[in-house]
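Trainee: I should like to request a close look at a single part of this model, followed by an account of its surroundings. Please take the metal site as the part in question.

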Amino acid sequence: MNAPVSSFTSGALVETSAARISKAPAIGRLSLRARGDLAPFDAALGVGLPLSIGQRASVDGTEILRLGPDEWTLTTPVPRTAQIEAAFAEIYEAHPHSLVDISGREVTFEIEGAQAAELLTLGCPRDIETILPGQGRRTVFDGVTVVLWRDAEDRFRMDVWQSFAPHVLALLDTGCRELAAQSH
Amino acid sequence: MLLIHCPYCNETLPELEFTYAGQAHVVRPEQPSGQSDEQWEEFLFIRANVRGPHYERWRHFHGCGRFFNAVRDTVSDKFLTTYEADAPRPDLSSLTERQK
Ligand SMILES: [Zn+2]
């Protein structure tokens, strides 16, 4: 488990009757910090930035999750990142902000299956059920800060910093096999 | 495990998402160069070490990332309240009243 996750190919990494973990294809990721009047940012994106922490918005394949009072993370198809950066550069003078390309920083694990939520409880101290489908949160998984997106009752995505990914994947792997063994 | 209310997320979450960040409402002198060694030492190092309700800073590290303030009883380890970093220091009698 010492190989960098980036060296794994996208696709299924672990699969049991409990859940399936796969590595999502590479995607553009942007970190936005902004405060004050958000209308110019909404206009640049073509969709309103979500107003409360944990809420999401999406437009043309770009997904936006509010992480904090003045912080959002955006995921988007790789070619779109340059367009979004250009649109934000236009409003920078009048509305100073920070928009950083963090595409290379993280890897995303897709976690789905009947026991996906239960699998996450192995590393997340918070109640997974308080993250509703269609929402997301930054939280902690076995000591590692992760961004968790809940796409459906039984389907999640977890953004993990590259250097922590082997550690996180190792626990998910063990958990998947353990949960499957328990149900037999 | 302690449950802590983050005033920014407006959620009550496990302690493991948070980090402690020392005594709250410690004000940095406007003119540090005008301070005597004793005054500067006081600002840097001397803390209240309260037995009972303590005004302290916390950070929602694995979450919204924000620092906020809390009043926690250092004897019972119970949080009396948490509030945003720029909010005024809440009056202790109103907090202990609410606890009863
Ligand atoms: Zn928070």
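Mentor: What follows begins at the metal site and then moves outward through its chain, the interface and the partner chain.

The model is a predicted one, and the values below are computed from it. The zinc ion is held by four residues of chain B: Cys6(B), Cys9(B) and Cys64(B) each coordinate through SG, and His60(B) through ND1, at 2.0 to 2.4 Å. The angles among the four donor atoms run from 102 to 116°, and the site is tetrahedral. For reference, the ideal angle for four tetrahedral donors is 109.5 degrees. Along the sequence, the donor residues follow the spacing C-x2-C-x50-H-x3-C. Distant parts of the chain are thereby linked: Cys6(B) belongs to strand 1 (residues 3-6) of chain B, whereas His60(B), 54 residues apart from it, sits in the loop between strand 4 (53-59) and strand 5 (67-73) of chain B. Both Cys6(B) and His60(B) are buried.

The strand that carries Cys6(B) deserves a separate description. Strand 1 of chain B has a covered face, formed by Ile4(B) and Cys6(B), and an uncovered face, formed by Leu3(B) and His5(B). Strand 1 runs antiparallel to strand 2 (residues 11-14) of chain B, and four bridges join the two. Opposite Cys6(B), in strand 2 of chain B, stands Glu11(B). The two strands form a hairpin with four residues between them, and Asn10(B) in the turn has a positive phi of about 55°.

Chain B as a whole provides the setting for this site. Its secondary structure comprises two helices and six strands, arranged from the N terminus as β-β-β-α-β-β-β-α. The C-alpha trace of chain B spans about 45 × 30 × 20 Å along its principal axes. Of the 100 residues in chain B, 37% are buried. Among contacts in chain B with a separation of 6 or more, 44% involve residues 24 or more positions apart.

Glu11(B), the residue opposite Cys6(B), also leads to the interface with chain A. There, 14 residues of chain B are in contact with 15 residues of chain A. The two chains bury about 1000 Å² between them, with 56% of this area on carbon and sulfur atoms. Glu11(B), Glu17(B) and His62(B) supply 40% of the area that chain B buries against chain A, more than any other three residues.

On the other side of the interface, chain A contains an open sheet of six strands in the order 1-2-8-11-10-9, with antiparallel pairing. Its edge strands are strand 1 (11-15) and strand 9 (136-141) of chain A, each of which pairs on one side only. Neighbouring strands of the sheet are turned by 30° against each other on average, direction ignored. Helix 4 (residues 165-182) of chain A packs on this sheet and touches strand 1, strand 2 (20-23), strand 8 (106-112), strand 9, strand 10 and strand 11 of chain A; the direction of helix 4 makes about 10° with that of strand 8. Within the sheet, strand 10 (residues 144-152) and strand 11 (residues 155-161) of chain A run antiparallel and are joined by six bridges. One bridge partnership between them pairs Leu148(A) with Met158(A) in strand 11.

How values were computed. Residues are numbered from 1 along each chain as its sequence is written. Chains are lettered from A and ligands numbered from 1 in the order in which they are written. This is a predicted model: local features need pLDDT of at least 70, side-chain atom pairs count only at pLDDT 80 or more; totals for chains, interfaces and linings use all residues. Side-chain values use heavy atoms; hydrogens and water are left out. Two strands pair if DSSP finds at least two bridges between them. Axes are lines fitted to C-alpha atoms, for helices over the stretch in contact, and angles run from 0 to 180 degrees between N-to-C directions. Contact means heavy atoms within 4.5 Å. Donors are N, O and S atoms within 2.8 Å of the metal (3.2 Å for Na, K and Ca); water is not among the atoms, so sites may look incomplete. Four donors count as tetrahedral if all angles lie between 85 and 135 degrees; four count as square planar and six as octahedral if opposite donors are over 155 degrees apart and all others between 65 and 115; anything else is irregular. Buried means under 20% relative accessible area, exposed over 50%, partly exposed in between (1.4 Å probe, protein chains only). Buried area is the accessible area (1.4 Å probe) that two parts lose on being put together, summed over both.
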